[in-house]
Amino acid sequence: MTPRRIVIVGGGTAGWLAAMLLSDVAGRKGWRSAVTVIESSKIGTIGVGEGSTAVFRQMLHHLRLNEEEFLAATGATIKYGIRHRDWRRPGHCYDGPIDDPALVSGGLPLDTYAVAAGRSVGEAHLFQALLNKSRAPVARSGDRIIPAGPFHHAFHFDQALVGAWLRRKAGGIELIDDQVAGVETGEGGIAGLRLESGARVTGDLFIDATGFRRALITALGGEWLSYSGMLPVNRAMPFWVDLKDGEEIAPCTTAWAQKNGWIWQIPTQDRYGMGYVYSDAHVSRDQAKAEVEAALGHEIHPRNDIAINAGRQKTPWIGNCIALGLSSSFLEPLEATSIHGTIVQLLMLAEWIDAPGGRERYNAAVARQVDDFRDFIRFHYVTERRDSDFWRDVASSHPAFIRDRLALWRTRLPLPQDFEPFPLGLPHLQGQLYIPVLDGLGHLSPSAARAAMAANPALRAKTRATHAALVAEYARAADRCLPHRAWLQSLRARHGEASSG
Ligand SMILES: Cc1cc2nc3c(=O)[nH]c(=O)nc-3n(C[C@H](O)[C@H](O)[C@H](O)COP(=O)(O)OP(=O)(O)OC[C@H]3O[C@@H](n4cnc5c(N)ncnc54)[C@H](O)[C@@H]3O)c2cc1C
C-alpha cells in the first residue's frame with residue numbers, strides 16, 4: 001500500500017509521533033503523501049506519561065531534532081535508569097541503569113563477575129556513576145562540551161509540552177480541531193470519518209491515536225486482550241509535587257513500592273510528576289491517598305484517579321487502520337514501555353507498510369512486544385515482601401513460567417539466547433535490562449556465578465581487570481561531568497524557556 005492520504009486521529013504524544021515519523025517515511029520513500037492530524041481540543045490528552053527510554057533520543061537524532069533545544073523547550077530532564085525503592089523488602093533499594101556495558105566490554109561476563117564478587121551489577125555502568133552523582137551526560141573540555149560516553153540516555157518530560165513542541169516542529173501537516181463522531185466502515189477497513197462539524201474525511205491509512213477511547217479500532221471490531229490476571233494493580237492516581245529552589249534533580253525515575261502498589265516519581269525541570277499505581281481490590285481511593293500522604297509526609301492533590309485496564313489490542317492493524325499509543329496497549333508505567341513501544345511500532349510500520357505480509361508481521365511483532373513487556377513487569381513483583389494482603393496475594397499468584405525462568409536464572413545468569421532477537425533488529429528487552437532487576441531482587445545466585453568464574457581462571461582475571469578499569473574510569477568521568485540541574489538551566493538560558501504554546 002502506498003498511502004496518499006494518511007489520517008491520524010489524536011493529538012497526544014502517540015498522534016504527533018506518528019505524524020512526525022510517518023511524514024519522514026513518506027518523504028524518504030517518495031510517496032508525496034498528505035498527512036492530516038485530527039485532534040479534539042474538547043477532549044484533551046492523557047496528561048501523564050513522562051518517562052521515556054533511550055529510543056526517544058535515537059528518534060530525535062533520526063528526525064534531526066536538536067536535543068538541547070528539546071530539553072530547554074519542554075523542561076525535560078535526563079534519565080539514566082530507574083531507582084526501585086522498597087521492592088525487595090522495605091528499606092532496600094536497587095537501580096536499573098539503562099546503558100549496556102556490553103557495548104564496551106568486548107563480550108566479557110562483567111555481570112557474572114560482579115554477582116560472584118557480591119557487588120552490584122550496576123557498578124560497571126557509566127549511567128550508575130552519573131546517577132549516583134546527579135551529573136549531566138556531558139563534560140566541559142576547554143571551550144567544548146563533550147559527551148560522557150557512547151550510550152543513549154532517556155528523558156523525563158511533561159507530555160503536553162512535548163506534544164506542543166512536536167507539533168511546532170512538524171512541518172507540512174494539516175491540523176483539524178474537531179471530533180470524530182462516526183466511523184464509516186467498508187471492505188478495506190475505514191471508508192471515511194464523520195466529524196462533529198459535519199465534515200467528512202477520507203484517507204488510505206488511518207492511525208487510531210485516540211487514547212483510551214479507541215474510537216477507530218473499536219468500530220472495526222478491535223478486541224482488547226486484558227492482562228488483569230497477570231498484573232496486580234488497576235488504578236493510577238497522578239499528582240504533582242513542586243521542586244524546591246536549588247534542589248538537585250536526580251537523573252532517574254523513582255519507583256517506590258508501597259503496601260498496595262507503588263509510587264512513581266519523575267522529575268521535570270519545574271516539578272515532580274508523581275502518582276500512586278494501586279490495586280482497588282486491596283485499598284479504596286481515600287485509603288490510597290492517605291497511604292501516599294503518610295509516605296511523603298505531606299498532603300497531596302490528586303489530579304485524577306484513572307482506571308487502568310492493562311492489556312493490548314488482539315489485532316492492532318485491521319484493514320487500513322492501525323491502533324497506536326494508548327488505543328493499542330497499556331501497561332502500568334513501571335519500565336516506561338508505552339512511548340517506547342509506540343516509537344518501535346512506528347519504525348516497524350515504516351518498514352512493513354508497503355511490504356507483502358507486512359500487516360501480519362506487524363500484528364505478530366506488536367503482540368510479542370507488549371506481552372514481553374508485561375512479563376518483564378511481572379518479574380518486578382517477585383519480591384520478599386509479605387507485609388500486606390496485596391503483597392501476600394501477589395506472592396501466591398506468580399505464573400508458572402515466571403517461576404520456571406527464575407529457577408533457570410538461579411543456576412546461571414541470563415544469556416543472550418534467552419531473549420529472541422526482535423524483528424528488524426529494533427530495541428527490545430534483553431539481559432541488559434533484566435539483570436539489574438533480577439540482581440536487585442536477589443534472584444541471581446552468587447554461588448552459581450562463582451562456579452562459572454572458577455571454571456575459567458584466565459577469563460576471570462581478564463574480566464576482573466576490565467571491571468576495575470571501567471568502575472574507575474566511570475567514577476572519573478562522573479566527576480568531570482557538569483551538575484545536572486545547572487546544565488539544564490544553562491540550556492534554557494541559551495535556547496529559551498519551556499512554554500506550552
Ligand atoms: C498513569 C499513567 C502513567 C504513564 N506513565 C508513562 C511513562 O512514564 N512513560 C511512558 O512511556 N508512558 C507512560 N504512560 C503512557 C503515555 O501517557 C501514553 O503512551 C502517551 O501519552 C500517548 O498517549 P496517546 O497519545 O495514545 O493518548 P492521549 O494523550 O490520551 O491522546 C488522545 C488524543 O486523541 C484525541 N481524541 C480522542 N477521541 C477523539 C475523537 N473522537 N475525535 C478526535 N480526537 C479524539 C484527543 O483530543 C487527544 O488529542 C502513562 C500513562 C498513564 C495513564
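**Exercise 1. Determine where Ala336 lies and whether Ala336 is buried or exposed.**

Solution. Ala336 is placed in the loop between strand 23 (329-330) and helix 9 (337-352). Helices (H or I, at least four residues) and strands (E, at least two) are DSSP runs, numbered from the N terminus. The model is a predicted one, in which local features need pLDDT of at least 70, side-chain atom pairs count only at pLDDT 80 or more, and totals for chains, interfaces and linings use all residues. Residue numbers start from 1 along each chain as its sequence is written.

Next, the burial criterion is applied: a residue is buried if 20 or more other C-beta atoms lie within 10 Å of its own, exposed if 12 or fewer, and partly exposed in between, with C-beta atoms placed from the backbone. Ala336 has 26 C-beta neighbours inside 10 Å and therefore counts as buried. Its backbone shows a positive phi of about 50°, although Ala336 is not a glycine. Most residues other than glycine have a negative phi.

**Exercise 2. Characterise Arg214 by its location, its phi and its burial class.**

Solution. Arg214 belongs to the loop between strand 13 (205-208) and strand 14 (224-226). Its phi is near 45°, a positive value in a residue other than glycine. Because Arg214 has 18 C-beta neighbours inside 10 Å, the residue counts as partly exposed.

**Exercise 3. Compare the expected span of helix 1 with the distance between its end C-alpha atoms.**

Solution. The expected span of a helix is 1.5 Å times one less than its number of residues. Helix 1 (residues 13-29) has 17 residues, so it should span 24 Å; the end C-alpha atoms are 24 Å apart, which agrees. As for burial, 13 of the 17 residues of helix 1 are buried, and the helix is mostly covered. Gly30, with a positive phi near 70°, follows helix 1.

**Exercise 4. Describe how helix 3 and helix 16 are arranged.**

Solution. Axes are lines fitted to C-alpha atoms, for helices over the stretch in contact, and angles run from 0 to 180 degrees between N-to-C directions. The axes of helix 3 (residues 67-74) and helix 16 (residues 484-495) come within 8 Å and cross at roughly 95°. Helix 3 is therefore roughly perpendicular to helix 16, the class for angles of 65 to 115 degrees (under 35 is roughly parallel, over 145 roughly antiparallel, the rest oblique). Residues in the contact (C-beta atoms, placed from the backbone, within 7 Å) include Leu71 of helix 3 and Leu488 of helix 16.

Note on methods
Two residues are in contact if their C-beta atoms, placed from the backbone, lie within 7 Å.
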